[in-house]
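I opened this notebook to keep track of what I looked up, one topic at a time. The entries follow the order in which I went through the model.

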Amino acid sequence: FQVMNGGKKAVSYLGTYDGPAYIRVHVEPKVLQPGDIGIIRIGYNGKLRNAYGFQSDNVVIHTDDESQPAKSFDVLATLEDFFPELTAQEAAKSARLQLNQTALDFGRIKQNQATAREVTVTNLGQSLLELRSIQGNCTCITTEVNKQSLKTGQSATIRISFNPQDRKGTQQKSVTIYSNDPKDPVQRVVFTAY
């Protein structure tokens, strides 16, 4: 992304930054004259991050700017597996995740009363299906699954628990399932509650 020196003195990048090992930072040019535009390039290694879904990190680059030497910014990413396009033969032999339902209604519940529902996932493919991560989009959601790996034709149950934690009114939440299904590796179950 582009940055500009809006000050009256040159600002030098000192060549150091604070951030996680899976993020790399490159700044060009190393010295930015007043009014000049530079580039900060961010490299993000999802494999090293070893997580799925929405991720938020912070990076601080160090400069000789007298008024604000540490320049802090957030790095946001949504991490998913990449699957190259498969031939028809490869696709026929791959894992295939099917959900028995993608929308749930938790109905009317009390503010501090946790409740749960279940969905079934089935492997309709010809190779082992791996449930790599199951994530709710709120700290008010927990999930449990009875099997992480499913052979052809096998099913697993995902229990989705919702704790309203003093929330009021209509709630719309979701659970995201990351798997090794190359055609549809990210699937969601959405639910409402009142």
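**Entry 1, a leucine.** I began with Leu-131, which I located in strand β11, the run of residues 129-136. The model is a predicted one, and I kept that in mind throughout. I asked whether Leu-131 is buried or exposed; its relative accessibility is 3%, so Leu-131 counts as buried, the cut-off being under 20%. I then listed what Leu-131 touches, leaving aside residues up to four places away in sequence, and found Leu-97, Val-121, Val-145, Lys-147, Gln-148, Ile-177, Tyr-178 and Ser-179. I also looked up the separation from Pro-185, which is 54 residues away along the chain, and noted 9.5 Å between the C-alpha atoms of Leu-131 and Pro-185.

**Entry 2, confidence.** I checked how far the predictor trusts the model and found that the pLDDT averages 95 over the protein, with 100% of the residues scoring at least 70. Confidence is lowest in helix α2 (residues 88-93), where the mean is 93, and highest in strand β13 (residues 149-150), where I read 98.

**Entry 3, aromatic pairs.** How many aromatic pairs does the structure hold? I found six. One of them is formed by Phe-1 and Phe-73, an edge-to-face pair whose ring centres are 5.5 Å apart and whose planes stand at 75°. This pair links distant parts of the chain, since Phe-1 sits in the segment before β1 (2-4) and Phe-73 in strand β7, 72 residues apart. Phe-1 has 49% relative accessibility and therefore counts as partly exposed, whereas Phe-73, at 15%, counts as buried.

I went on to Tyr-52 and Tyr-178, whose ring centres lie 5.3 Å apart with the planes at 35°, so this pair is tilted. Because Tyr-52 lies in the loop between α1 (46-49) and β6, and Tyr-178 in strand β15 (residues 171-179), the pair ties together parts that are 126 residues apart in sequence. Both tyrosines, Tyr-52 and Tyr-178, are buried, and Tyr-178 had already appeared in my list of the contacts of Leu-131.

I also noted a cluster in which ring pairs link Phe-106, Phe-162 and Phe-191. Over the face of Phe-106 lies Arg-117, at 5.0 Å from the ring centre.

**Entry 4, strands.** I traced an open sheet of four strands, which come in the order β4-β2-β6-β7 with antiparallel pairing. The edge strands are β4 (31-32) and β7 (70-79), each of which pairs on one side only. Strand β6 (residues 53-63) pairs with β7 in the antiparallel sense over ten bridges, and I saw that Ser-56 stands opposite Leu-76 in β7.

I then turned to strand β3 (residues 23-28), whose covered face carries Ile-23, Val-25 and Val-27, while the uncovered face carries Arg-24, His-26 and Glu-28. I set beside this the general point that in a regular strand the side chains alternate between the two faces of the sheet. Strand β3 is joined by six bridges to strand β5 (residues 37-44), and the two run antiparallel; here Arg-24 stands opposite Gly-43 in β5.

**Entry 5, the disulfide.** Which cysteines does the disulfide join? The structure holds one disulfide, and I found that it joins Cys-138 to Cys-140, with 2.3 Å from S to S. I noted 130° about the S-S bond, and the link of Cys-138 and Cys-140 is right-handed. Cys-138 is buried, with a relative accessible area of 13%, and Cys-140, at 2% relative accessibility, also counts as buried.

Technical notes: Residues are numbered from 1 along each chain as its sequence is written. This is a predicted model: local features need pLDDT of at least 70, side-chain atom pairs count only at pLDDT 80 or more; totals for chains, interfaces and linings use all residues. Side-chain values use heavy atoms; hydrogens and water are left out. Two strands pair if DSSP finds at least two bridges between them. pLDDT is the predictor's confidence in each residue, from 0 to 100. Rings of Phe, Tyr and Trp (its six-membered ring) pair if their centres lie within 6.5 Å; planes under 30 degrees apart count as stacked, over 60 as edge-to-face and the rest as tilted. Buried means under 20% relative accessible area, exposed over 50%, partly exposed in between (1.4 Å probe, protein chains only). A charge sits over a ring if NZ of Lys or CZ of Arg is within 6 Å of the ring centre and within 35 degrees of the ring normal. Contact means heavy atoms within 4.5 Å. A disulfide is a pair of cysteine sulfur atoms within 2.5 Å.
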